[in-house]
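Here are some short exercises on reading a protein model. Try each task before you look at its solution.

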Amino acid sequence: MTAEGGKVSNRAAPSGAAADTPPHYRGHRERLRARFQDAGAATLPDYELLELLLFRSIPQRDVKPLAKDLIQRFGSFAEVLAAPSARLTEVKGVGAGVALDLKIVEAALTRMAKGAVANRTVLSSWSAVLDYCRMAMAFSEREQLRILFLDRKNALIADELQQTGTVDHTPVYPREVMRRALELSATALILVHNHPSGDPAPSQADIQVTKAIVDIAGPLGIAVHDHVIVGKNGHASFKEMRLI
């Protein structure tokens, strides 16, 4: 505000100063990165960890609302990463590029979890096996059957996704499972499947098909160490439940 010719002028100041003011989210990004570096990921809620990923995919926008929308839509950080690309892009603000970036992170985490199991005695690395199976399958929207084929030292020969079914059923063919075990010269196996409902409790059908596989495997000299069901709410082990 300046005086001109004895009168007071309310002419606005040049807009250049306002234009030089950085967007509010830049300071937030710097603070969040600093918290992550200083205190670690354990101190961050799911939406803030997701923000850190979105910073790189969306460099010129406040992504906190988007991160919160994604967590609200899918339930958790892990479930956001596991969501199919088509469902991710249903969320306003998520384009194909952002969805691809999230799926790459999911693939990297799954590969890392699998690396903790490979070339090791599976039964002595059981917690790593469970972590891998949970990462690979627990949040899938359809039931899947995965089989871990083991050698005489219980080291992993192959990890194969055998079947993919519907939201509450996947077909299992015991003789096909055994045929593949013989092809790989496996002497033991671990069955793993998921329950998209989140509840890992075995159904009667789960129990019956497991018994059928055990009955066929025995005469062939192939041990069935366990059948593990994974879900968002935990896991169930047939061995621990004395169903095998």
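**Exercise 1. A salt bridge**

With which residue does Glu141 form a salt bridge, and how far apart are the closest N and O atoms?

Solution. Start with the ground rules. This is a predicted model, where local features need pLDDT of at least 70 and side-chain atom pairs count only at pLDDT 80 or more, while totals for chains, interfaces and linings use all residues. Residues are numbered from 1 along each chain as its sequence is written, and side-chain values use heavy atoms, with hydrogens and water left out.

Step 1: apply the criterion. A salt bridge is a side-chain nitrogen of Lys or Arg within 4 Å of a carboxyl oxygen of Asp or Glu.

Step 2: find the partner. Glu141 pairs with Arg87, and their closest N and O atoms are 2.2 Å apart.

Step 3: place both residues. Glu141 lies in the loop between helix H8 (126–137) and strand S3 (144–150), and Arg87 lies in helix H6 (residues 85–88). They are 54 residues apart, so the pair links distant parts of the chain. Helices (H or I, at least four residues) and strands (E, at least two) are DSSP runs, numbered from the N terminus.

Step 4: look wider. The whole structure holds twelve salt bridges.

**Exercise 2. H3 and its neighbours**

Describe how helix H3 packs against H7 and against H4.

Solution. Two packed helices are described by the angle between their axes and the distance between the axes. Axes are lines fitted to C-alpha atoms, for helices over the stretch in contact, and angles run from 0 to 180 degrees between N-to-C directions.

Step 1: take H7. H3 (residues 46–57) and H7 (residues 96–115) pack at about 125 degrees, with axes 10 Å apart. H3 and H7 are therefore oblique to each other. Angles under 35 degrees count as roughly parallel, over 145 as roughly antiparallel, 65 to 115 as roughly perpendicular and the rest as oblique.

Step 2: list the contact (heavy atoms within 4.5 Å). H3 gives Leu50, Leu53, Leu54 and Ser57; H7 gives Val98, Asp101, Leu102 and Val105. By class, that is six nonpolar, one polar and one charged residues. Here Ala, Val, Leu, Ile, Met, Phe, Trp, Tyr, Cys and Pro count as nonpolar, Asp, Glu, Lys and Arg as charged, and the others, Gly among them, as polar.

Step 3: take H4 (residues 64–74). Its angle with H3 is about 125 degrees, and the axes are 9 Å apart. H3 and H4 are therefore oblique to each other.

Step 4: list this contact. H3 offers Asp46, Tyr47, Leu50, Glu51 and Leu54, while H4 offers Lys64, Leu66, Ala67, Lys68, Leu70 and Ile71. The classes are seven nonpolar, no polar and four charged residues.

**Exercise 3. The sheet**

In what order do the five strands of the open sheet lie?

Solution. Strands of a sheet pair through backbone hydrogen bonds, either parallel or antiparallel. Two strands pair if DSSP finds at least two bridges between them.

Step 1: read the order. It is S4-S3-S5-S6-S7, with mixed pairing.

Step 2: find the edges. Strand S4 (156–164) and strand S7 (234–237) each pair on one side only. The twist averages 20 degrees from one strand to the next.

Step 3: follow one pair. Strand S6 (residues 223–231) and S7 are antiparallel over four bridges. Ile229 has Ala236 in S7 as its bridge partner, and Gly231 stands opposite Gly234 in S7. A hairpin of two residues joins S6 to S7.
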